[in-house]
Amino acid sequence: SEAAARRMLELLDRMPSTWEPFPESMRSIMMLLAKAGTVESARKCKLVFDRHATEGHRLEYSLVLEAYLEATKNEPDKEKQQQAAKEALDILNSHWDTSFPTHRVDRIVHSSIVLQCLAVAIRGISPELCELGEILTKRTLSDEVYEQLKEEIRKDSPRVDTQVLPLLHSLAQLFVASGTEPNVTAAKQTLNYMMHHGNEGGSRFVASPTVVTCNAVLFALINSARDAEAGKSDLDFAMKVLDYMYGRGDSQCWPTSLTHKHIFRLLRKINPENGVDVVERLLSTFEARHLHSTRSNVPNMTLTTYHRVLRYWLEMVETSANETTTERRTSSIPCEKAFQLLETLSVQSTPLLLNDRALTKTAIPTLYDPKLRPVRTTYTLVLEICEKTKDDLETAAKIALEVCRLMIRRGIAIGSYHLGVVMKCASQLARDSAKRKEIEEFMAMIDTLETESKTA
């Protein structure tokens, strides 16, 4: 794209001095330069604007700022990235010194783009850029309006100025990127304000929280150093954000795999007493999400998300095994829940009478999602949960045996590790246990099959 824009600029230089290009042509060139994603192309984009933007040929200055935003995102060197962001801030302030936009919406669009540049460049390295972003916001809205807006956000006021909602996206991301505790709290309050008022419209730009903003705030909650009580509040807020994202039903705000990753990381960090209930709630939500994703253009659920559920149960069982009987917080047997989840994934991903190729030729291929089909890792996690379970050894051994049988039946490679887990579960049962004898017979059958295979 940069090469194409360069050729078009060379052609323009060869045109007669009396020739005036159409604004549409210049917009196309500036858009090509913006897509190139380099600081050099962004500077060329500014030169095009300075040369051809006149009263009769109006060009949007936001195209220049978009070019700097792409350059900031694509620059691998942190120092050059910060320089690009500061350059974007400097050229905007210089442009406003001579051509200050009379319409506030135009100012909000300009400052929103530059705030995103600063948010990308900070990443916890240069928090002072956050102060520069706030100075720009005050210039955009005026000091009085900005202070009033902050107070309304802090109190979650029912009064809302819908024009500033797009600006809050970039401002929340800027607060998150700074990484300081007060700014993380401000980002949380800003997102909460947007969730309450974001659907009220009133702007031709995005006026509701997007998945990018939500994920950024969730990530900030993970890394913030907060006490246990504040951590529980953060988890409640994270679940509220997730409910909002599902409730919107909008592809721009639909939760991604990264959203679920942040939720589970926060859950593991806080380790609440009602962790089992929280995971149950998440699983119910995931099922609703999967059903919705088969009927719309939102991203499908991934197997990785369900693996996070299994890993959380595994950590919970390991923690419970080190606690006394009165301290254990497991309200039910995780190995049973893990096995139910394994079977649910199988039902959702594997038809009984058709293979994947035949399924694609039917009229109802969306009933099954092969991407959710359990893999070796899935079965291994369920077996490890059985191995660590101490509440009901008989049930754990029964499920471990059934998991190994399913692996053989479904063509999943079974190794000595998996068989060792089953034997360990059996060794914890009484010698006269019927389930232990059944497992020993199963292991003897496996040994016989391996011997026959080697002989053949």
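A helix here is a DSSP run of type H or I with at least four residues, and helices are numbered from the N terminus. The model on the screen is predicted, and the tour opens with one residue of such a helix.

**Stop 1: serine 62**

Select serine 62, which lies in helix H4, residues 62-74. Is serine 62 buried or exposed? Its relative accessible area is 17%; the limit for a buried residue is under 20%, so serine 62 counts as buried. Leaving aside residues up to four places away in sequence, display what serine 62 touches: Val109, His110 and Ile113.

**Stop 2: the whole chain**

Zoom out and show the protein chain as a cartoon. The chain contains 21 helices and zero strands. Of its 456 residues, 48% count as buried. Taking contacts between residues at least 6 apart in sequence, 72% join residues at least 24 apart. Switch on the surface: the accessible area comes to about 22,700 Å², and carbon and sulfur atoms account for 52% of that.

**Stop 3: colouring by confidence**

Colour the chain by pLDDT. The average is 81, and 82% of the residues score at least 70. Where is confidence lowest, and where is it highest? Helix H17 (residues 356-360) has the lowest mean, 59, while H18 has the highest, 94. Next select residues 200-205, where pLDDT is below 50; this stretch has 12 contacts in the model beyond near neighbours in sequence. Residues 325-331 also stay under 50, and for them the model has 14 contacts beyond four places in sequence.

**Stop 4: the nonpolar core**

The largest nonpolar core has 129 residues, and those with the most contacts inside it are Phe286, Trp313 and Val403. Helix H6 (residues 104-122) gives the most to this core, with 10 residues. Centre the view on tryptophan 313. Apart from residues up to four places away in sequence, tryptophan 313 touches Val279, Glu280, Leu283, Pro334, Lys337, Ala338, Leu341 and Ile385.

**Stop 5: helix H19**

Select residues 393-409, which form helix H19. At 1.5 Å a residue, its 17 residues should span 24 Å; the end C-alpha atoms are 24 Å apart, so the model agrees with the expected span. Show the side chains of its buried residues: Thr395, Ala396, Ala397, Ile399, Ala400, Leu401, Val403, Cys404, Leu406 and Met407. Val403 was also met at the previous stop, among the residues with the most contacts inside the core. To see what covers the buried residues of H19, add helices including H16 (334-349), H18 (376-388), H20 (416-427) and H21 (434-455). After H19 comes glycine 411, whose phi is positive, near 75°.

**Stop 6: helix H3 and the cysteines**

Move to helix H3, residues 39-52. Its 14 residues reach 20 Å from the first C-alpha to the last, close to the 20 Å expected at 1.5 Å a residue. The buried residues in H3 are Val39, Ser41, Ala42, Cys45, Val48, Phe49 and His52. Cysteine 45 has a relative accessible area of 0%, which means that cysteine 45 is buried.

Finally, select cysteine 425, which is also buried, with a relative accessible area of 3%. Which cysteine sulfur is closest to the sulfur of cysteine 425? The closest belongs to cysteine 386, at 5.8 Å. A disulfide requires sulfur atoms within 2.5 Å, so this pair is too far apart for a bond. By the same cut-off, the count for the model comes to zero disulfides.

Conventions
Residues numbered from 1 in each chain as written. Predicted model: local features only at pLDDT ≥ 70, side-chain atom pairs only at ≥ 80, totals over all residues. Heavy atoms only, no water. Helix = DSSP H or I, 4+ residues; strand = E, 2+ residues; numbered from the N terminus. Expected span 1.5 Å × (residues − 1). Buried < 20%, exposed > 50% of the residue type's maximum accessible area, 1.4 Å probe, protein only. Contact = heavy atoms within 4.5 Å. pLDDT = per-residue confidence, 0-100. Areas by Shrake-Rupley, 256 points an atom, 1.4 Å probe, with all protein chains shown as cover. Core = buried A, V, L, I, M, F, W, Y, C linked by side-chain atoms within 4.5 Å.
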